[in-house]
Amino acid sequence: MHRHSRRAPAAAVLAASALFLSACGGGDGGGGTDSAEGKVAGEVTFQTWNLKARFQKYFDGVIAEFQKKYPGTTVKWIDQPAEGYPQKLSADAAAGTLPDVVNVSPDLAYPLAKAGLALNVEKAAGKYRGEYLDGAWKSNAMPGVSGVYAFPWYLNTGPMFYNKDLFRKAGLDPEKPPTTYDRLFADALTMARGSDRKIAMLAGTPSIEDFGRYGVRLMNAQGTAFTFNEPKGVQLLSRYKELYATGALDSQALTAVAESAGRKFEQQSVAMNPGSALDLENFKRDAPGLYKNIGITDAVNNTGKANMYVQGLMVNAQSKVKPAAVVFAHFVTDQRHQMAFAQQVTVFPSTKGALDDPYFTKEDGTDATRVRVAAAKSLKTAVNYTPVLMSDQMKTVLRNAVARALQGKQSPQQALDSAVAECDRLLTSG
């Protein structure tokens with residue numbers, strides 16, 4: 001359950017959106033209503049996303065508890081494999097067989113919300129909003145569609161690892177890693193100069209998340225056009241161009257992927273790199289020299305908010321057992337059940353107060369708790385920076401534009417203007 005492994009191919013999602021709209025007529029409502037009043041009874045179909053193999057006992061227990069609390073209800077649990085999940089949602093939506101409660105990420109909820117197949121829980125179940133972290137609740141708000149379309153469920157984020165020894169050798173304070181982009185850029189230049197360009201601060205070029213963390217407006221409020229070519233976006237790319245020219249950004253950054261960047265960090269030729277608890281365990285085993293000098297901090301940002309990966313539970317707006325479906329979706333995502341789930345797997349609850357539990361605040365000397373405590377702290381105010389409409393194809397467009405700018409083939413302004421134009425074209429043709 002790595003935080004990136006559950007992201008759906010957005011091209012398929014956009015194709016699904018067209019299918020949903022043609023199948024259901026589009027618009028808000030789509031044959032369902034936002035009312036969830038009525039008797040909590042009937043059979044609720046509940047669909048998860050690749051969870052049954054590892055967590056059957058947990059979910060069987062939650063379902064049994066719900067059925068005992070609400071006599072007259074039954075829950076039919078369906079678990080779909082990760083492969084082809086967006087296409088399965090598309091087919092079910094077109095056939096009118098979408099389950100009552102569905103595990104979705106925001107990008108998967110979007111076409112369903114546009115088609116009127118996702119219940120607006122802000123309207124139908126707004127009384128529960130105060131139970132959830134504000135950023136988690138808002139992550140299921142959709143551009144151009146009023147409301148919120150899934151209960152927040154489990155969250156994740158990634159810490160930033162840095163090499164304290166490399167910081168020390170460059171004359172930087174190993175106990176004070178950069179927290180803002182201005183400081184990051186200054187420290188990166190110091191690192192490159194101090195090592196005669198042998199050590200780069202970073203191994204990767206800026207992604208759409210970096211533009212968000214920098215404070216760039218990524219899309220207009222209507223969700224109809226991208227805006228990351230605004231002056232602040234150009235400024236960010238210009239600064240990265242400077243890093244690349246001075247050796248503060250690794251020379252192979254233009255072709256780097258997460259695995260190659262991780263190897264550079266492990267080899268101690270890069271001073272900072274994002275990662276997870278699993279990486280920390282690997283460092284301990286494979287790179288003990290690095291491991292003893294590891295520092296853990298939040299990813300750099302100018303907004304005061306880390307990036308959040310979020311899963312949610314959507315209620316089918318056309319469900320025949322809507323009252324029971326809403327109550328069940330809330331039941332699964334309430335604080336007690338989220339805490340229980342988070343203690344079985346490396347995820348974090350989206351409910352207010354849960355991250356103050358000693359499980360997320362007290363270190364016991366192990367690698368797992370070091371990362372867990374750091375991540376939990378940042379999640380309290382985290383937001384999902386990646387627009388739900390930013391497809392994998394669009395991310396490639398941006399990555400190629402960034403490469404052209406860093407290589408001097410286009411100015412940062414020209415590169416971002418062309419990327420925005422192409423992403424807007426893909427958006428309207430999707």
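In which strand is Pro-152 found? In this predicted model, Pro-152 belongs to strand β6, which spans residues 151-156. With a relative accessibility of 0%, Pro-152 counts as buried, because the cut-off for burial is under 20% relative accessible area. Its contacts beyond four places in sequence fall in several parts of the chain. Tyr-132, Ala-136, Trp-137 and Asn-140 are in contact with Pro-152. So are Gln-311, Gly-312, Thr-333, Gln-338 and Ser-350. Met-394 lies 242 residues from Pro-152 in sequence. The C-alpha atoms of Pro-152 and Met-394 are 26 Å apart in space.

Two of these partners, Thr-333 and Gln-338, also take part in the contact of α14 with α15. Helix α14 covers residues 322-333. The axes of α14 and α15 are 5 Å apart and make an angle of about 50 degrees. The two helices are therefore oblique to each other. On the α14 side, the contact is made by Phe-331, Val-332 and Thr-333. On the α15 side, Gln-335, His-337 and Gln-338 meet them. By class, this contact holds 2 nonpolar and 4 polar residues, with no charged residue.

Helix α15 (residues 335-342) also packs with α2 (residues 52-69). Here the axes come within 11 Å and cross at roughly 165 degrees. Angles over 145 degrees count as roughly antiparallel, and α2 and α15 are therefore roughly antiparallel to each other. The crossing of α2 past α15 is right-handed. Helix α2 contributes Phe-55, Tyr-58, Phe-59, Val-62 and Glu-65 to the contact. Helix α15 contributes Arg-336, His-337, Gln-338, Ala-340 and Phe-341. The residues of this contact divide into 6 nonpolar, 2 polar and 2 charged. His-337 and Gln-338 of α15 thus appear in the contact with α2 and in the contact with α14.

Helix α4 (residues 106-114) presents a question of burial. Why is α4 described as largely enclosed by the rest of the structure? Of its 9 residues, 8 are buried, so the helix is largely enclosed. The buried residues are Pro-106, Asp-107, Leu-108, Ala-109, Tyr-110, Pro-111, Leu-112 and Ala-113. Asp-107 is thus buried in α4 alongside residues such as Leu-108 and Tyr-110. Just after α4, Gly-116 takes a positive phi of about 80 degrees.

The largest nonpolar core has 74 residues. Within this core, Met-191, Met-201, Phe-226, Phe-228 and Tyr-240 touch the most other members. Helix α18 (residues 392-406) supplies the largest share of the core, 8 residues. Another core, of 55 residues, lies apart from it. Val-101, Tyr-128, Val-310 and Ala-329 are among the members of this other core.

Met-201 has contacts in several stretches of sequence, leaving out residues up to four places away. Phe-167 and Leu-172 touch Met-201. Leu-184, Asp-187, Ala-188 and Met-191 do so as well. Further contacts of Met-201 are with Ala-248, Val-270, Ala-271 and Met-272.

The loop between α8 (181-194) and α9 (208-214) includes Asp-196. Arg-197 is found in this loop too. Although not a glycine, Asp-196 has a positive phi of about 55 degrees. Arg-197, also not a glycine, has a positive phi of about 65 degrees. Is Asp-196 buried or exposed? Asp-196 has a relative accessible area of 58% and is exposed, because exposure requires over 50%.

The loop between α7 (164-169) and α8 holds Pro-177. Pro-177 is buried, with a relative accessible area of 11%. Tyr-162, Phe-167, Arg-183 and Thr-297 touch Pro-177, residues up to four places away being left out. Phe-161 is 16 residues from Pro-177 in sequence, and their C-alpha atoms are 9.7 Å apart.

Phe-161 and Tyr-162 also touch Gly-295, as do Met-160 and Lys-164, again without counting residues up to four places away. Gly-295 sits in strand β9 (residues 294-297). At 2% relative accessibility, Gly-295 counts as buried. Pro-174 is 121 residues from Gly-295 in sequence. In space, their C-alpha atoms are 7.9 Å apart. Tyr-162 is therefore a contact of Gly-295 and of Pro-177, where contact means heavy atoms within 4.5 Å.

Definitions and conventions: Residues are numbered from 1 along each chain as its sequence is written. This is a predicted model: local features need pLDDT of at least 70, side-chain atom pairs count only at pLDDT 80 or more; totals for chains, interfaces and linings use all residues. Side-chain values use heavy atoms; hydrogens and water are left out. Axes are lines fitted to C-alpha atoms, for helices over the stretch in contact, and angles run from 0 to 180 degrees between N-to-C directions. Helices (H or I, at least four residues) and strands (E, at least two) are DSSP runs, numbered from the N terminus. Angles under 35 degrees count as roughly parallel, over 145 as roughly antiparallel, 65 to 115 as roughly perpendicular and the rest as oblique. A crossing is left-handed if the near helix is turned anticlockwise from the far one by less than a right angle, and right-handed if clockwise. Ala, Val, Leu, Ile, Met, Phe, Trp, Tyr, Cys and Pro count as nonpolar, Asp, Glu, Lys and Arg as charged, and the others, Gly among them, as polar. A nonpolar core is a set of buried Ala, Val, Leu, Ile, Met, Phe, Trp, Tyr and Cys residues joined through side-chain atoms within 4.5 Å. Buried means under 20% relative accessible area, exposed over 50%, partly exposed in between (1.4 Å probe, protein chains only).
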